[in-house]
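Visitor: Hi, could you walk me through this one? I'd like to start with the DNA.

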There are 2 protein chains.
Amino acid sequence: MSVKIKFDLNAGLYIKDPQDSILGRKIIQFSVEMIHAIGFESFNFKKLAAEINSTEASIYRYFENKHLLLLYLVNWYWEWIIYLIQFNTVNVVDAKEKLKIVVHSLVFATTENLMVEFINVNKLHKIVVFEGTKAYHTVEVDKENSIGLFKSYKDLTAMIASIITSVNPEFKYPSTLASNLYEMSNNQLYFANYLPKLTDIHLKTNQETEVEKMLNYFLNKLLN
Amino acid sequence: MSVKIKFDLNAGLYIKDPQDSILGRKIIQFSVEMIHAIGFESFNFKKLAAEINSTEASIYRYFENKHLLLLYLVNWYWEWIIYLIQFNTVNVVDAKEKLKIVVHSLVFATTENLMVEFINVNKLHKIVVFEGTKAYHTVEVDKENSIGLFKSYKDLTAMIASIITSVNPEFKYPSTLASNLYEMSNNQLYFANYLPKLTDIHLKTNQETEVEKMLNYFLNKLLN
DNA sequence: TTTTAATGATAGCAATACTATTATATTAAA
DNA sequence: TTTAATATAATAGTATTGCTATCATTAAAA
(Lines give C-alpha, C1' and ligand atoms only; values in the text may rest on other atoms or scores of the structure.)
Protein backbone atom coordinates (compact mmCIF):
# COMPACT_ATOMS: atom_id res chain seq x y z
CA MET A 1 0.00 0.00 0.00
CA SER A 2 1.09 3.53 -0.63
CA VAL A 3 -0.33 6.62 1.05
CA LYS A 4 0.13 10.26 0.29
CA ILE A 5 1.51 11.64 3.50
CA LYS A 6 1.84 15.29 4.23
CA PHE A 7 2.96 16.33 7.68
CA ASP A 8 2.33 19.80 8.99
CA LEU A 9 5.84 20.79 9.84
CA ASN A 10 6.66 24.04 11.58
CA ALA A 11 6.75 26.85 9.04
CA GLY A 12 9.94 28.20 10.59
CA LEU A 13 11.78 25.27 9.06
CA TYR A 14 11.43 26.47 5.50
CA ILE A 15 10.91 29.60 3.45
CA LYS A 16 8.52 27.94 1.04
CA ASP A 17 6.85 24.63 1.81
CA PRO A 18 8.75 22.04 -0.22
CA GLN A 19 5.80 19.65 -0.09
CA ASP A 20 3.79 22.01 -2.29
CA SER A 21 5.77 21.94 -5.53
CA ILE A 22 7.61 19.57 -7.80
CA LEU A 23 10.93 21.29 -7.25
CA GLY A 24 10.34 21.33 -3.50
CA ARG A 25 9.67 17.60 -3.42
CA LYS A 26 12.70 16.98 -5.57
CA ILE A 27 14.81 18.94 -3.12
CA ILE A 28 13.57 16.75 -0.26
CA GLN A 29 13.85 13.53 -2.19
CA PHE A 30 17.36 14.10 -3.48
CA SER A 31 18.72 15.69 -0.35
CA VAL A 32 17.85 12.41 1.38
CA GLU A 33 19.64 10.48 -1.35
CA MET A 34 22.65 12.76 -1.31
CA ILE A 35 23.14 13.16 2.43
CA HIS A 36 22.80 9.41 2.72
CA ALA A 37 25.40 8.93 0.02
CA ILE A 38 28.07 11.48 0.92
CA GLY A 39 27.23 12.63 4.46
CA PHE A 40 25.88 15.92 5.72
CA GLU A 41 29.27 17.64 5.97
CA SER A 42 30.16 17.32 2.31
CA PHE A 43 26.61 17.85 1.15
CA ASN A 44 25.80 21.33 -0.11
CA PHE A 45 23.19 23.17 -2.15
CA LYS A 46 25.42 23.50 -5.19
CA LYS A 47 25.87 19.76 -5.49
CA LEU A 48 22.18 19.19 -4.84
CA ALA A 49 21.24 21.72 -7.50
CA ALA A 50 23.49 20.00 -10.04
CA GLU A 51 21.90 16.65 -9.17
CA ILE A 52 18.36 17.84 -9.76
CA ASN A 53 19.19 20.10 -12.69
CA SER A 54 18.25 23.22 -10.84
CA THR A 55 20.24 26.04 -9.32
CA GLU A 56 21.61 26.94 -5.93
CA ALA A 57 19.49 30.09 -5.87
CA SER A 58 16.31 28.12 -6.42
CA ILE A 59 17.03 25.85 -3.47
CA TYR A 60 17.70 28.88 -1.30
CA ARG A 61 14.15 29.95 -1.99
CA TYR A 62 12.99 26.88 -0.09
CA PHE A 63 15.52 26.63 2.71
CA GLU A 64 17.53 29.30 4.46
CA ASN A 65 20.54 27.00 4.72
CA LYS A 66 21.54 23.37 4.83
CA HIS A 67 21.22 23.13 8.58
CA LEU A 68 17.53 23.99 8.37
CA LEU A 69 17.09 21.50 5.58
CA LEU A 70 18.54 18.79 7.82
CA LEU A 71 16.32 19.93 10.66
CA TYR A 72 13.36 19.75 8.29
CA LEU A 73 14.23 16.16 7.39
CA VAL A 74 14.69 15.18 11.01
CA ASN A 75 11.38 16.79 11.92
CA TRP A 76 9.74 14.88 9.10
CA TYR A 77 11.30 11.74 10.56
CA TRP A 78 9.99 12.45 14.06
CA GLU A 79 6.51 12.99 12.65
CA TRP A 80 6.88 9.81 10.68
CA ILE A 81 7.70 7.80 13.83
CA ILE A 82 4.73 9.35 15.64
CA TYR A 83 2.55 8.38 12.69
CA LEU A 84 4.01 4.86 12.62
CA ILE A 85 3.36 4.35 16.31
CA GLN A 86 -0.20 5.59 15.99
CA PHE A 87 -0.76 3.46 12.93
CA ASN A 88 0.61 0.34 14.57
CA THR A 89 -1.06 0.77 17.94
CA VAL A 90 -4.58 1.20 16.59
CA ASN A 91 -6.86 -1.12 18.57
CA VAL A 92 -4.03 -2.15 20.87
CA VAL A 93 -5.10 -1.67 24.46
CA ASP A 94 -2.38 -3.33 26.46
CA ALA A 95 0.25 -0.74 27.43
CA LYS A 96 3.10 -3.26 27.42
CA GLU A 97 2.13 -4.27 23.92
CA LYS A 98 2.08 -0.62 22.90
CA LEU A 99 5.54 -0.09 24.27
CA LYS A 100 6.82 -3.01 22.25
CA ILE A 101 5.36 -1.40 19.18
CA VAL A 102 7.13 1.83 20.08
CA VAL A 103 10.44 0.01 20.27
CA HIS A 104 9.77 -1.73 17.00
CA SER A 105 8.91 1.55 15.31
CA LEU A 106 12.02 3.29 16.62
CA VAL A 107 14.33 0.51 15.57
CA PHE A 108 12.88 -0.36 12.18
CA ALA A 109 11.32 3.01 11.33
CA THR A 110 9.19 1.32 8.73
CA THR A 111 6.32 -1.05 8.07
CA GLU A 112 5.76 -3.29 5.16
CA ASN A 113 2.21 -2.08 4.76
CA LEU A 114 3.14 1.54 4.40
CA MET A 115 5.09 3.37 1.78
CA VAL A 116 5.88 6.98 1.10
CA GLU A 117 6.07 8.40 -2.37
CA PHE A 118 9.00 10.72 -2.51
CA ILE A 119 10.96 10.07 0.67
CA ASN A 120 13.09 7.00 1.03
CA VAL A 121 12.32 6.31 4.68
CA ASN A 122 15.05 3.74 4.98
CA LYS A 123 17.73 6.14 3.92
CA LEU A 124 16.22 8.88 6.04
CA HIS A 125 16.42 6.57 9.03
CA LYS A 126 20.10 6.03 8.32
CA ILE A 127 20.63 9.77 8.06
CA VAL A 128 18.95 10.22 11.43
CA VAL A 129 21.14 7.53 12.96
CA PHE A 130 24.24 9.08 11.46
CA GLU A 131 23.63 12.81 11.57
CA GLY A 132 20.43 13.24 13.56
CA THR A 133 21.79 14.81 16.72
CA LYS A 134 23.60 17.50 14.73
CA ALA A 135 20.18 18.95 14.00
CA TYR A 136 19.68 19.92 17.63
CA HIS A 137 23.25 20.39 18.83
CA THR A 138 23.84 23.90 17.60
CA VAL A 139 24.45 27.34 19.10
CA GLU A 140 21.02 28.29 17.84
CA VAL A 141 19.14 25.72 19.97
CA ASP A 142 17.47 28.21 22.23
CA LYS A 143 16.32 30.43 19.42
CA GLU A 144 15.17 27.52 17.29
CA ASN A 145 13.50 25.86 20.22
CA SER A 146 11.63 29.04 21.10
CA ILE A 147 10.01 29.11 17.67
CA GLY A 148 9.03 25.48 17.85
CA LEU A 149 11.54 23.79 15.57
CA PHE A 150 11.89 20.79 17.88
CA LYS A 151 8.23 20.38 18.61
CA SER A 152 7.93 17.01 16.90
CA TYR A 153 10.71 15.55 19.02
CA LYS A 154 8.94 16.76 22.13
CA ASP A 155 5.66 15.33 20.91
CA LEU A 156 7.27 12.00 20.22
CA THR A 157 8.88 11.98 23.66
CA ALA A 158 5.60 12.91 25.36
CA MET A 159 3.80 10.18 23.48
CA ILE A 160 6.29 7.51 24.50
CA ALA A 161 6.48 8.85 28.05
CA SER A 162 2.75 8.50 28.49
CA ILE A 163 2.87 4.89 27.37
CA ILE A 164 5.72 4.28 29.79
CA THR A 165 3.64 5.77 32.58
CA SER A 166 0.69 3.58 31.77
CA VAL A 167 2.93 0.53 31.85
CA ASN A 168 4.25 1.54 35.26
CA PRO A 169 2.85 4.68 36.95
CA GLU A 170 5.50 4.39 39.64
CA PHE A 171 8.40 4.88 37.27
CA LYS A 172 10.00 8.17 38.16
CA TYR A 173 11.54 9.33 34.91
CA PRO A 174 9.21 8.68 31.97
CA SER A 175 10.39 11.55 29.77
CA THR A 176 14.03 10.70 30.28
CA LEU A 177 13.37 7.08 29.49
CA ALA A 178 11.40 8.07 26.41
CA SER A 179 14.05 10.33 24.91
CA ASN A 180 16.75 7.89 25.92
CA LEU A 181 14.92 5.08 24.18
CA TYR A 182 15.02 7.08 20.96
CA GLU A 183 18.63 8.16 21.37
CA MET A 184 19.76 4.74 22.51
CA SER A 185 18.11 3.03 19.60
CA ASN A 186 19.90 5.27 17.13
CA ASN A 187 23.19 5.16 18.98
CA GLN A 188 23.31 1.42 19.29
CA LEU A 189 22.52 0.97 15.62
CA TYR A 190 25.35 3.37 14.85
CA PHE A 191 27.77 1.62 17.17
CA ALA A 192 26.85 -1.81 15.86
CA ASN A 193 27.85 -0.61 12.41
CA TYR A 194 30.86 1.53 13.07
CA LEU A 195 32.13 1.12 16.63
CA PRO A 196 31.15 -2.41 17.66
CA LYS A 197 33.24 -2.34 20.82
CA LEU A 198 30.73 0.12 22.24
CA THR A 199 27.82 -2.26 22.04
CA ASP A 200 26.89 -5.89 22.59
CA ILE A 201 25.26 -6.12 19.18
CA HIS A 202 27.72 -7.71 16.87
CA LEU A 203 25.76 -9.21 14.06
CA LYS A 204 26.08 -7.66 10.66
CA THR A 205 22.67 -8.93 9.66
CA ASN A 206 19.51 -8.59 11.68
CA GLN A 207 20.97 -5.84 13.80
CA GLU A 208 17.58 -4.25 14.12
CA THR A 209 16.07 -7.42 15.53
CA GLU A 210 18.89 -7.66 18.04
CA VAL A 211 18.60 -4.03 19.07
CA GLU A 212 14.85 -4.48 19.44
CA LYS A 213 15.38 -7.48 21.70
CA MET A 214 17.92 -5.55 23.72
CA LEU A 215 15.74 -2.50 24.22
CA ASN A 216 12.89 -4.71 25.37
CA TYR A 217 15.24 -6.39 27.82
CA PHE A 218 16.17 -2.98 29.24
CA LEU A 219 12.55 -1.86 29.42
CA ASN A 220 11.53 -5.03 31.12
CA LYS A 221 14.06 -4.55 33.88
CA LEU A 222 13.22 -0.89 34.24
CA LEU A 223 9.46 -1.10 34.34
CA ASN A 224 8.63 -4.38 36.06
CA MET B 1 46.12 19.95 44.67
CA SER B 2 47.37 20.32 41.15
CA VAL B 3 48.99 17.59 39.11
CA LYS B 4 50.78 17.71 35.82
CA ILE B 5 48.83 15.35 33.69
CA LYS B 6 49.96 14.12 30.35
CA PHE B 7 47.90 11.53 28.57
CA ASP B 8 49.33 9.40 25.81
CA LEU B 9 46.89 10.13 23.08
CA ASN B 10 46.98 8.37 19.75
CA ALA B 11 49.57 9.99 17.51
CA GLY B 12 47.16 9.94 14.60
CA LEU B 13 45.22 12.72 16.26
CA TYR B 14 47.88 15.34 15.73
CA ILE B 15 50.80 16.20 13.50
CA LYS B 16 52.96 17.48 16.35
CA ASP B 17 52.16 16.70 19.97
CA PRO B 18 50.61 19.87 21.36
CA GLN B 19 51.45 18.85 24.91
CA ASP B 20 55.15 19.29 24.15
CA SER B 21 55.37 23.01 23.43
CA ILE B 22 54.09 26.32 24.69
CA LEU B 23 52.28 27.07 21.45
CA GLY B 24 50.80 23.58 21.44
CA ARG B 25 49.43 23.96 24.92
CA LYS B 26 48.07 27.39 24.08
CA ILE B 27 46.27 25.88 21.10
CA ILE B 28 44.64 23.32 23.38
CA GLN B 29 43.86 25.77 26.13
CA PHE B 30 42.34 28.42 23.94
CA SER B 31 40.54 26.07 21.62
CA VAL B 32 38.68 24.84 24.71
CA GLU B 33 37.87 28.42 25.67
CA MET B 34 36.83 29.36 22.18
CA ILE B 35 34.75 26.31 21.26
CA HIS B 36 33.04 26.68 24.61
CA ALA B 37 32.33 30.33 23.88
CA ILE B 38 31.21 30.30 20.25
CA GLY B 39 30.55 26.65 19.43
CA PHE B 40 32.45 24.27 17.20
CA GLU B 41 30.75 25.30 13.97
CA SER B 42 31.84 28.93 14.08
CA PHE B 43 35.21 28.09 15.57
CA ASN B 44 38.11 28.05 13.13
CA PHE B 45 41.89 28.17 13.06
CA LYS B 46 42.02 31.76 11.87
CA LYS B 47 40.04 33.01 14.86
CA LEU B 48 42.05 30.83 17.21
CA ALA B 49 45.29 32.13 15.75
CA ALA B 50 44.19 35.72 16.26
CA GLU B 51 43.24 34.92 19.87
CA ILE B 52 46.64 33.49 20.73
CA ASN B 53 48.65 35.92 18.60
CA SER B 54 49.86 33.23 16.29
CA THR B 55 49.04 32.29 12.73
CA GLU B 56 46.77 29.87 10.98
CA ALA B 57 49.74 28.17 9.39
CA SER B 58 51.32 27.53 12.78
CA ILE B 59 48.20 25.81 14.08
CA TYR B 60 48.07 23.67 10.98
CA ARG B 61 51.48 22.39 11.98
CA TYR B 62 49.83 20.79 15.03
CA PHE B 63 46.48 19.65 13.68
CA GLU B 64 45.44 18.59 10.23
CA ASN B 65 42.05 20.28 10.63
CA LYS B 66 39.56 21.42 13.21
CA HIS B 67 37.76 18.09 13.26
CA LEU B 68 40.90 16.34 14.44
CA LEU B 69 41.45 19.02 17.02
CA LEU B 70 37.97 18.35 18.39
CA LEU B 71 38.62 14.63 18.35
CA TYR B 72 41.86 15.28 20.22
CA LEU B 73 39.97 17.20 22.90
CA VAL B 74 37.32 14.53 23.18
CA ASN B 75 39.97 11.82 23.46
CA TRP B 76 41.66 13.84 26.15
CA TYR B 77 38.30 13.99 27.91
CA TRP B 78 37.78 10.24 27.68
CA GLU B 79 41.23 9.65 29.15
CA TRP B 80 40.45 12.16 31.84
CA ILE B 81 37.29 10.30 32.83
CA ILE B 82 39.18 7.02 32.90
CA TYR B 83 41.78 8.67 35.10
CA LEU B 84 39.11 10.14 37.37
CA ILE B 85 37.41 6.80 37.81
CA GLN B 86 40.70 5.10 38.61
CA PHE B 87 41.65 7.87 40.99
CA ASN B 88 38.35 7.78 42.80
CA THR B 89 37.98 4.02 43.02
CA VAL B 90 41.36 3.38 44.59
CA ASN B 91 40.86 1.08 47.55
CA VAL B 92 37.17 0.69 46.77
CA VAL B 93 36.32 -2.99 46.60
CA ASP B 94 32.55 -3.04 46.44
CA ALA B 95 31.43 -3.13 42.81
CA LYS B 96 28.21 -1.24 43.48
CA GLU B 97 30.20 1.48 45.15
CA LYS B 98 32.53 1.58 42.17
CA LEU B 99 29.62 1.98 39.80
CA LYS B 100 28.35 4.92 41.80
CA ILE B 101 31.75 6.51 41.44
CA VAL B 102 31.59 5.92 37.70
CA VAL B 103 28.26 7.73 37.53
CA HIS B 104 29.58 10.56 39.63
CA SER B 105 32.65 10.89 37.42
CA LEU B 106 30.61 10.91 34.22
CA VAL B 107 28.17 13.50 35.48
CA PHE B 108 30.52 15.87 37.27
CA ALA B 109 33.68 15.16 35.26
CA THR B 110 35.74 16.68 38.01
CA THR B 111 36.97 16.37 41.58
CA GLU B 112 37.82 19.07 44.04
CA ASN B 113 41.12 17.44 44.86
CA LEU B 114 42.37 17.45 41.32
CA MET B 115 43.21 20.24 38.96
CA VAL B 116 44.73 20.46 35.56
CA GLU B 117 47.02 23.25 34.54
CA PHE B 118 46.14 24.29 31.08
CA ILE B 119 42.82 22.65 30.34
CA ASN B 120 39.62 23.99 31.84
CA VAL B 121 37.98 20.65 32.50
CA ASN B 122 34.64 22.21 33.25
CA LYS B 123 34.44 23.91 29.90
CA LEU B 124 35.75 20.81 28.19
CA HIS B 125 32.96 18.82 29.80
CA LYS B 126 30.47 21.30 28.41
CA ILE B 127 32.02 21.02 24.97
CA VAL B 128 31.70 17.25 25.17
CA VAL B 129 28.05 17.54 26.19
CA PHE B 130 27.38 19.99 23.41
CA GLU B 131 29.56 18.81 20.53
CA GLY B 132 30.99 15.49 21.65
CA THR B 133 29.18 13.14 19.34
CA LYS B 134 30.20 15.16 16.29
CA ALA B 135 33.70 13.84 16.89
CA TYR B 136 32.64 10.31 16.00
CA HIS B 137 29.73 10.89 13.65
CA THR B 138 31.64 11.50 10.47
CA VAL B 139 32.07 9.84 7.09
CA GLU B 140 35.62 9.04 8.16
CA VAL B 141 34.62 6.87 11.17
CA ASP B 142 35.82 3.64 9.71
CA LYS B 143 39.16 5.02 8.65
CA GLU B 144 39.69 6.86 11.90
CA ASN B 145 38.55 3.90 13.92
CA SER B 146 40.96 1.62 12.11
CA ILE B 147 43.92 3.74 13.17
CA GLY B 148 42.75 3.85 16.77
CA LEU B 149 41.36 7.34 17.09
CA PHE B 150 38.46 6.17 19.27
CA LYS B 151 40.48 3.87 21.46
CA SER B 152 39.95 5.89 24.61
CA TYR B 153 36.19 5.72 24.25
CA LYS B 154 36.43 1.97 23.87
CA ASP B 155 38.71 1.72 26.88
CA LEU B 156 36.30 3.76 28.95
CA THR B 157 33.39 1.61 27.83
CA ALA B 158 35.28 -1.60 28.57
CA MET B 159 36.22 -0.31 32.01
CA ILE B 160 32.64 0.57 32.91
CA ALA B 161 31.32 -2.65 31.38
CA SER B 162 33.58 -4.74 33.55
CA ILE B 163 32.32 -2.98 36.68
CA ILE B 164 28.75 -3.57 35.50
CA THR B 165 29.51 -7.23 35.07
CA SER B 166 30.96 -7.52 38.54
CA VAL B 167 27.84 -5.87 39.97
CA ASN B 168 25.67 -8.35 38.12
CA PRO B 169 27.28 -11.11 36.04
CA GLU B 170 23.88 -12.09 34.69
CA PHE B 171 23.28 -8.75 32.99
CA LYS B 172 23.26 -9.43 29.28
CA TYR B 173 24.42 -6.16 27.77
CA PRO B 174 27.26 -4.64 29.77
CA SER B 175 28.95 -2.78 26.90
CA THR B 176 25.70 -1.29 25.71
CA LEU B 177 24.82 -0.17 29.19
CA ALA B 178 28.30 1.29 29.64
CA SER B 179 28.29 3.38 26.48
CA ASN B 180 24.67 4.32 27.08
CA LEU B 181 25.52 5.50 30.56
CA TYR B 182 28.06 7.88 29.08
CA GLU B 183 25.81 9.05 26.25
CA MET B 184 22.77 9.33 28.48
CA SER B 185 24.62 11.36 31.05
CA ASN B 186 25.72 13.86 28.42
CA ASN B 187 22.38 13.88 26.66
CA GLN B 188 20.34 14.45 29.75
CA LEU B 189 22.56 17.29 30.86
CA TYR B 190 22.11 18.82 27.42
CA PHE B 191 18.36 18.36 27.46
CA ALA B 192 18.04 19.76 30.97
CA ASN B 193 19.70 22.91 29.73
CA TYR B 194 18.25 23.36 26.29
CA LEU B 195 15.31 21.02 25.70
CA PRO B 196 13.77 20.41 29.11
CA LYS B 197 10.69 18.70 27.71
CA LEU B 198 12.93 15.78 26.77
CA THR B 199 13.94 15.03 30.33
CA ASP B 200 12.58 14.86 33.86
CA ILE B 201 15.39 17.04 35.18
CA HIS B 202 14.06 20.55 35.47
CA LEU B 203 16.20 22.30 37.99
CA LYS B 204 18.49 25.03 36.80
CA THR B 205 20.82 24.49 39.75
CA ASN B 206 22.17 21.17 40.92
CA GLN B 207 21.33 19.52 37.63
CA GLU B 208 24.34 17.28 38.01
CA THR B 209 23.16 16.00 41.36
CA GLU B 210 19.75 15.27 39.88
CA VAL B 211 21.16 13.50 36.86
CA GLU B 212 23.41 11.48 39.13
CA LYS B 213 20.43 10.43 41.23
CA MET B 214 18.52 9.54 38.10
CA LEU B 215 21.27 7.42 36.59
CA ASN B 216 21.63 5.53 39.85
CA TYR B 217 17.89 4.92 39.84
CA PHE B 218 18.13 3.45 36.36
CA LEU B 219 21.14 1.33 37.24
CA ASN B 220 19.48 0.04 40.34
CA LYS B 221 16.48 -1.18 38.38
CA LEU B 222 18.64 -2.66 35.65
CA LEU B 223 21.14 -4.52 37.78
CA ASN B 224 19.27 -5.68 40.86
C1' DT C 1 79.11 28.98 16.20
C1' DT C 2 76.77 26.76 13.06
C1' DT C 3 72.90 23.92 12.17
C1' DT C 4 68.34 22.62 13.09
C1' DA C 5 63.82 23.25 14.50
C1' DA C 6 59.91 26.14 15.62
C1' DT C 7 57.29 29.92 14.68
C1' DG C 8 55.80 34.11 12.23
C1' DA C 9 54.50 36.79 8.12
C1' DT C 10 52.51 36.93 3.97
C1' DA C 11 50.26 35.35 -0.06
C1' DG C 12 47.29 32.78 -2.56
C1' DC C 13 43.83 29.41 -4.19
C1' DA C 14 39.73 26.50 -4.50
C1' DA C 15 35.51 25.65 -2.33
C1' DT C 16 31.62 27.15 0.40
C1' DA C 17 27.71 29.75 1.76
C1' DC C 18 25.28 32.85 0.48
C1' DT C 19 22.86 37.32 -2.22
C1' DA C 20 21.35 39.93 -6.09
C1' DT C 21 19.67 40.67 -10.79
C1' DT C 22 17.59 39.69 -14.78
C1' DA C 23 15.34 36.55 -17.97
C1' DT C 24 12.07 33.15 -19.05
C1' DA C 25 8.59 29.97 -18.33
C1' DT C 26 4.18 28.54 -16.14
C1' DT C 27 -0.05 29.29 -13.95
C1' DA C 28 -4.01 31.85 -12.41
C1' DA C 29 -7.01 35.82 -12.45
C1' DA C 30 -9.33 39.37 -14.88
C1' DT D 1 -7.58 35.51 -24.07
C1' DT D 2 -4.95 38.70 -22.33
C1' DT D 3 -2.69 40.18 -18.36
C1' DA D 4 -0.67 39.75 -14.21
C1' DA D 5 1.48 37.15 -10.78
C1' DT D 6 4.46 33.54 -9.48
C1' DA D 7 8.03 30.06 -9.93
C1' DT D 8 12.15 28.79 -11.68
C1' DA D 9 16.49 29.29 -14.36
C1' DA D 10 20.75 31.61 -15.65
C1' DT D 11 24.35 34.19 -14.42
C1' DA D 12 27.29 36.82 -11.63
C1' DG D 13 29.40 38.23 -7.69
C1' DT D 14 31.12 38.60 -2.69
C1' DA D 15 32.84 37.37 1.81
C1' DT D 16 34.43 33.67 4.36
C1' DT D 17 36.52 29.24 5.04
C1' DG D 18 39.82 25.67 4.79
C1' DC D 19 43.99 24.80 3.51
C1' DT D 20 48.93 25.06 1.23
C1' DA D 21 53.26 27.14 0.00
C1' DT D 22 57.17 30.10 0.63
C1' DC D 23 60.38 32.58 2.95
C1' DA D 24 62.05 35.17 6.98
C1' DT D 25 63.16 35.22 11.75
C1' DT D 26 64.05 33.58 16.20
C1' DA D 27 65.43 30.26 19.63
C1' DA D 28 67.65 26.11 21.01
C1' DA D 29 70.90 22.23 20.37
C1' DA D 30 75.17 20.32 18.70
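**Around the DNA**

Guide: Happy to. Among the 16 residues around DNA strand C, the nearest are Glu56(A), Lys16(B), Ser54(B), Arg61(B) and Tyr62(B), where near means a heavy atom within 4 Å. This is a predicted model, in which local features need pLDDT of at least 70, side-chain atom pairs count only at pLDDT 80 or more, and totals for chains, interfaces and linings use all residues. Residues are numbered from 1 along each chain as its sequence is written, chains are lettered from A and ligands numbered from 1 in the order written, and side-chain values use heavy atoms, leaving out hydrogens and water.

Visitor: Which part of DNA strand C is 2.8 Å from the side chain of Arg61(B)?

Guide: A base oxygen, paired with an N or O atom of the Arg61(B) side chain. Tyr62(B) has a polar side-chain atom 2.6 Å from a phosphate oxygen of the strand. Both are polar contacts (N or O atoms within 3.5 Å).

Visitor: And what share of the strand's atoms within 4 Å of the protein belong to sugar or phosphate?

Guide: 60%, and the rest belong to bases.

Visitor: Switching topic: how are chain A and chain B related?

Guide: A turn of 180° and a shift of 0.0 Å along the axis lay chain A on chain B with an RMSD of 0.0 Å, superposed by least squares on C-alpha atoms of residues with pLDDT of at least 70 in both. The two copies are thus related as by a two-fold rotation axis.

Key. Polar contact = N/O pair within 3.5 Å; in protein donor to acceptor, adjacent residues only side chain to side chain.
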